[in-house]
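Trainee: I would like to learn how to read the features of a protein model. Could you take me through one?

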Amino acid sequence: MGSYRESLRVPVSWWIIAAAAVITLFVITAVPAGLIAGIIVGGLAAVLLVALFVRYGGARVEVDDVRLRAGRAEIDRSYLGTVEALTGEDARLAFGRDCDPKAYLVLRSYLPGAVRVQITDPGDPAPYWLIATRHPDRLAAALSGHSVGRS
């Protein structure tokens, strides 16, 4: 059995854009309303964005000998069926047009790949889990029990 661990953190570019937005809010508030107002508005925006990014990017994907954890959910490996690594257009379509509304999704728009894992538990309403990942081949290999070289 393979093991795998990944944190789905937001990319650095999002932090740079957020910093620019906070600075912009500070300036457009501080110029007409004063320094204190700018600091309050900029500070609130910064706190809100940091909390949002930490929460959204705090999702983890973990595979061990017993279970798969993705986001807030976990499932025993004995209920996992076919595993499929998806990249490029296949991943985009899997999260969009081809997505089953009953599927469990761990979607992160900034991640290029995904893994679709069929669920065989008859009591689970989700036919499959679709998990965004930076390394679809490694995650699929861990779930299938195979080894894949690091790139």
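Mentor: We will go through the sheets, then the helices, then some single residues. This is a predicted model, in which local features need pLDDT of at least 70, side-chain atom pairs count only at pLDDT 80 or more, and totals for chains, interfaces and linings use all residues. Residues are numbered from 1 along each chain as its sequence is written, and side-chain values use heavy atoms, with hydrogens and water left out.

Trainee: Let me begin with the strands. In what order do β1, β2, β3 and β4 stand in their sheet?

Mentor: Some terms come before the case. Helices (H or I, at least four residues) and strands (E, at least two) are DSSP runs, numbered from the N terminus. Two strands pair if DSSP finds at least two bridges between them. Here the order is β1-β2-β3-β4, in an open sheet with antiparallel pairing. At its edges are β1 (4–7) and β4 (73–76), each of which pairs on one side only. Between neighbouring strands of this sheet the turn is 10 degrees on average, direction ignored. For such angles, axes are lines fitted to C-alpha atoms, for helices over the stretch in contact, and angles run from 0 to 180 degrees between N-to-C directions.

Trainee: How many bridges join β1 to β2, and which residue is the partner of E6?

Mentor: Four bridges join β1 to β2 (residues 60–63), and the two run antiparallel. The bridge partner of E6 is V61 in β2.

Trainee: What links β3 with β4?

Mentor: These two strands form a hairpin with two residues between them, and in the turn G71 has a positive phi of about 65 degrees. Four bridges pair β3 and β4 in the antiparallel sense, with L68 facing its bridge partner I75 in β4. Look also at the two faces of β4: A73 and I75 are on the covered one, while E74 and D76 are on the uncovered one.

Trainee: Now the other open sheet. Which strands are at its edges?

Mentor: Start with the order, which is β5-β7-β8-β6 with mixed pairing. The edge strands are β5 (80–87) and β6 (104–106); each has a single partner strand, so one side of each is left without a neighbour in the sheet. Neighbouring strands here are turned by 15 degrees against each other on average, direction ignored. Inside the sheet, β7 (residues 113–119) and β8 (residues 128–133) run antiparallel and are joined by six bridges. A114 stands opposite A132 in β8.

Trainee: Which helix lies across β5, β6, β7 and β8?

Mentor: For packing, contact means heavy atoms within 4.5 Å. Helix α3 (residues 88–95) lies across those four strands and runs at about 120 degrees to β5. Its buried residues are A91, L93, A94 and F95, where buried means under 20% relative accessible area, exposed over 50%, and partly exposed in between (1.4 Å probe, protein chains only). The cover over them includes β5, β6, β7 and β8. Helix α4 (residues 136–144) lies across β5, β7 and β8, at about 170 degrees to β5.

Trainee: At what angle do α1 and α2 pack?

Mentor: Helix α1 (residues 12–33) and helix α2 (residues 35–56) pack at about 160 degrees, their axes 7 Å apart. That makes α1 roughly antiparallel to α2; angles under 35 degrees count as roughly parallel, over 145 as roughly antiparallel, 65 to 115 as roughly perpendicular and the rest as oblique. The residues of this contact divide into 19 nonpolar, three polar and no charged. In that count Ala, Val, Leu, Ile, Met, Phe, Trp, Tyr, Cys and Pro are nonpolar, Asp, Glu, Lys and Arg are charged, and the others, Gly among them, are polar.

Trainee: Is F53 buried or exposed?

Mentor: F53 lies in helix α2 and counts as buried, at 10% relative accessibility. Not counting residues up to four places away in sequence, F53 touches V10, W14, W15, A18 and G58. For a contrast, A21 in helix α1 counts as partly exposed at 32% relative accessibility.

Trainee: And what does L130 touch?

Mentor: L130 lies in strand β8 and counts as buried at 0% relative accessibility. Leaving aside neighbours within four places in sequence, the contacts of L130 include L86, A94, F95, Y104 and A114. L130 and A70 are 60 residues apart in sequence, yet 9.4 Å apart in space, C-alpha to C-alpha.
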